[in-house]
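Here are my notes for you on this one. Have the picture open while you go through the points.

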Amino acid sequence: MEGDGSDSLVTIKNIERELICPACKELFTHPLILPCQHSICHKCVKELLLMLDDSFNDVGSDNSNQSSPRLRLPSPSVDKIDRISRPGWKRNSLTPRTTTFPCPGCEHDVDLGERGINGLFRNFTLETIVERYRQAARAATAIMCDLCKPPPQESTKSCMDCSASYCNECFKIYHPWGTVKAQHEYVGPTTNFRPKILMCPEHETERINMYCELCRRPVCHLCKLGGNHSNHRVTTMSSAYKTLKEKLSKDIDYLIGKESQVKSQISELNLLMKETECNGERAKEDAIIHFEKLFEILEDRKSSVLKAIDASKKLRLDKFQTQMEEHQGLLENSGLVGYAQEVLKETDQSCFVQTAKQLHVRIQKATESLKSFRPAAQTSFEDYVVNTSKQTELLGELSFFSSGVDVPEINEEQSKVYNNALINWHHPEKDKADSYVLEYRKINRDEEMLSWNEIEVSGTSKVISDLESNCNYAFRVRAYKGSICSPCSRELILHTPPAPVFSFLFDEKCGYNNEHLLLNLKRDRVESRAGFNLLLAAERIQVGYYTSLDYIIGDVGITKGKHFWAFRVEPYSYLVKAGVASSDKLQEWLRSPRDAVSPRYEQDSGHDSGSEDACVDSSQPFTLVTIGMKKVFIPKSPTSSNEPENRVLPMPTSIGVFLDYDKGKVAFYDMDHMKCLYERQVDCSHTMYPAFALMGSGGIQLEESITAKYLEYQENM
């Protein structure tokens, strides 16, 4: 149990990093062996499970995605630890549901199964080594007797059966000769007590006597007979002990024999570190030189610009000064007016005329200048404002030379905007790039672009949240390999929806026809199936009879505000109607669906009927557009042509619906380009619902929300 000499103590002191728990960064305390063969403190496993279970119950926990669960976990409450440690605990509403967590050592997911912590082995060997290290670290500090009355005496031996340390007197008292306790196994003073026989965590009354070669863990005979290892290859514990000890001994002997080679490689690594240090300093000096050259150019340009501004300022001030002096001359008792007054004193007519003619011309010019006063120069220096927008952008992109790193390309088909923006890109050298930087910025109405926002990404896709509605955003990406950066990709411009995304599912309780419609379990997809009922009714269908529409609506209504939602119509669909309808209109449709079987009944049906023209200006309690045969049929309006081809558009990949309840307006959008296809007024005096109707074969899929959780799962895959 204890060190055999000073060499052993020195060896123990040199292995400290092997004895540190990867979770709490402290010496192991009762370490457990995880299925991935890494060890972790007993208390750390509990804390990990409790923390992950709490985060699972927390609604906002989806946004917390850390590569490592923690560096130091908060201390859980005692009742929680007792609850999770209880033997045979199951996952239910009262106990933690999480049995999977990332191993702090290798970051791979570890599943503890139904038994949880109780199914893990305690690493007694590691625990013993940690105890020897503790004793060596504290220079063999005395271990005190556990049974002495205060003050306790120094212990001389520890009983492995009693799991306690004793001084000589106490040992004699509690282990008297001639009793069963006298036969207990005792060792030198220690605080590390471990059982003499390892018991199976799955079958607590069975000894460990075999080793599963597939799972690489000790098992009992019940595990082999009818447990999880019944079909695995197992061997005896003595055989596994002998084999593993021989392998470990050979590995150690090999490493000891390669000591000179290891020392040589350590020396080489030291040289490489020094070389890296020198090269790093040299690279910094080179970078400083380049930046100083830029500073010199900027200083030179700054000096010339300031000189030009000073020269223009002096010229303008001189013009203003001359003009001001001329005007001062027009004042009484000074300048031109004073001179004219003196000329008027001349009595000799010939002399007066000789002088007054030229003076009269000057006075006339001065009078005209008073009537049409114009400053001699401009005060604005707008022509001298330095435009540094392009230079600022170029300096912002300043990076190391991108030799060897290709430019990533944004995949326009896989990139889209809905409630968030999902940006996907492709990189020819994906495995050679360490990371990417995704940049995005908003483009104002006047095409003015704001500064770029940057996000570092490890994969080739990213979800961007918190974008403003009804705005254009530019996206671009660049790749990094070490300190080398690639140029930016071509920009992708996406337009966000005109309003926040409205979340709803199909309502299978209101108007849903289960004979004709098939709804999936998620309630986000509905398909129309004709079935035998339609075939049996086919012989009764004559000219002038129309098959009824099967309606299905959203399970959430709208009573105020602006909302947007989107859906996809399967290309094979024969006839699908989509839009909005008020609660009172839905009740009318669902009570007597045969009243609405004729397309002429619906003013927005897309068919050529007189009722459309008559009622197009009146606000209706519903608005539906018709989609079918890979086309979208736009209803008539006074501003559109009556030609049918002008009302038939190709069906977009996704169709968006924008409802402004307060203004009573509904619009339909092509989601591929966020372009409005059709807009009209709608009566919103009642609760409005997303409404759909199908006839014949067809399918509708609600547009799925872009979520970070889904994307990160895809990246990890």
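1. One bit of vocabulary before we start: a residue counts as buried when its relative accessible area is under 20%. Keep in mind, too, that this is a predicted model.

2. Take a look at strand S15, residues 435–443. Nine of its nine residues are buried, so the strand is largely enclosed by the rest of the structure.

3. Which strands does S15 pair with? One is strand S18 (residues 472–481), joined to S15 in the antiparallel sense over nine bridges. Within that pairing, Glu-439 has Arg-476 of S18 as its bridge partner. Another is strand S16 (residues 453–457), again antiparallel, over five bridges. Here Val-437 is matched with Glu-456 of S16.

4. Now for the nonpolar cores. In soluble globular proteins, nonpolar side chains tend to be buried together. In this model, the largest nonpolar core has 45 residues, and those with the most contacts inside it are Phe-564, Trp-565, Phe-567, Ile-627, Leu-659 and Phe-692. Several strands give two or more residues to this core, including S21 (517–519), S26 (622–628) and S32 (688–695). The largest share, five residues, comes from S24.

5. Leu-659 is worth clicking on. Leaving out residues up to four places away in sequence, Leu-659 touches a list of residues that includes Ile-558, Trp-565, Val-580, Val-666 and Met-688. Lys-562 and His-563 are also among them.

6. Don't miss the second core, which is separate and has 24 residues. Among them are Leu-27, Cys-44, Val-45 and Leu-126.

Terms used
Residues numbered from 1 in each chain as written. Predicted model: local features only at pLDDT ≥ 70, side-chain atom pairs only at ≥ 80, totals over all residues. Heavy atoms only, no water. Buried < 20%, exposed > 50% of the residue type's maximum accessible area, 1.4 Å probe, protein only. Helix = DSSP H or I, 4+ residues; strand = E, 2+ residues; numbered from the N terminus. Pairing = 2+ DSSP bridges. Core = buried A, V, L, I, M, F, W, Y, C linked by side-chain atoms within 4.5 Å. Contact = heavy atoms within 4.5 Å.
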